[in-house]
Amino acid sequence: MIIDHLTRSDERTVMKGTRNVNTIDDGNFLALLKAKQKELLSTISNRDEILIEATADEIDSLQQQLSRDIAVRNLDRTSRLLRDIQKALIRIDAKTYGACLTCEEPIPVRRLMVLPWASCCVSCQEAIDSQQAKSDHSSFTMDLCA
Ligand SMILES: [Zn+2]
């Protein structure tokens, strides 16, 4: 009875999951993603303090504006990365982590080691990047791939 149940749930996982993702150890990447998420979240809270300090100082307004621009841009990049990490965590949960969102081929582990939040394989990413270079209306593809 128990064995029968296990076998069936294994079959379900294989059916549901994308092919060849079994070689990836989700646990390692889960730890990596969580650590990065924590790091980024603490960066954001630190940056809020810098922003408040900068607005309080009205003497060097140009410098202030400049540093605020940089802070905002960094914050933008950080929150985008956090969103990508969030999506990767969801994919781990859904057992689809490690598969390219575009072509569904497995993303090489080496790529995931560098970019654990990567949602596309290198060739799909390159195709998307070159598309983005041609068009400024890239927010949709930006959302799709890390
Ligand atoms: Zn791909």
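The following exercises, each with a worked solution, concern a predicted model of a protein.

**Exercise 1. Determine how many helices and strands the protein has, and in what order the elements run.**

Solution. The count comes first: the protein has six helices and zero strands. Read from the N terminus on, the elements therefore form the series α-α-α-α-α-α.

**Exercise 2. Establish where the pLDDT falls below 50.**

Solution. Begin with the overall figures: the average pLDDT of the protein is 78, and 68% of the residues score at least 70. Next, consider residues 1-22, over which pLDDT stays under 50. For this stretch the model has twelve contacts beyond four places in sequence. Residues 138-142 also have a pLDDT below 50, and this stretch has four contacts in the model beyond near neighbours in sequence.

**Exercise 3. Compare the expected span of H3 with the distance between its end C-alpha atoms.**

Solution. Helix H3 covers residues 61-93, and it comprises 33 residues. The expected span is 1.5 Å times one less than the number of residues. For H3 this gives 48 Å. The end C-alpha atoms of H3 are 47 Å apart, which agrees with the expected value.

**Exercise 4. Identify the buried residues of H3 and the residues that touch the most other members of the largest nonpolar core.**

Solution. As background, nonpolar side chains in soluble globular proteins tend to be buried together. In this protein, buried residues make up 12% of the 146 residues. Those of H3 are Asp84, Ile85, Ala88 and Arg91. The largest nonpolar core has 13 residues, of which Leu33, Ala88, Cys100, Ile107, Trp117 and Ala118 touch the most other members. The elements that give two or more residues to this core are helix H2 (26-56) and helix H3 (61-93). Ala88 thus appears both among the buried residues of H3 and in the list of core residues with the most contacts to other members.

**Exercise 5. Decide whether Lys95 and Glu104 are buried, exposed or partly exposed, and state the sign of phi for each.**

Solution. Locate the residues first. Lys95 follows H3 and is placed in the loop between H3 and helix H4 (109-114); Glu104 also lies in the loop between H3 and H4. Now apply the cut-offs: a residue is buried with 20 or more other C-beta atoms within 10 Å, and exposed with 12 or fewer. Lys95 has 16 such atoms, so it is partly exposed. Glu104 has 14, so it is likewise partly exposed. Finally, phi of Lys95 is positive, near 65°, in a residue other than glycine. Glu104, also not a glycine, has a positive phi of about 70°.

Note on methods
Residues are numbered from 1 along each chain as its sequence is written. This is a predicted model: local features need pLDDT of at least 70, side-chain atom pairs count only at pLDDT 80 or more; totals for chains, interfaces and linings use all residues. A nonpolar core is a set of buried Ala, Val, Leu, Ile, Met, Phe, Trp, Tyr and Cys residues joined through C-beta atoms within 7 Å. Helices (H or I, at least four residues) and strands (E, at least two) are DSSP runs, numbered from the N terminus. pLDDT is the predictor's confidence in each residue, from 0 to 100. Two residues are in contact if their C-beta atoms, placed from the backbone, lie within 7 Å.
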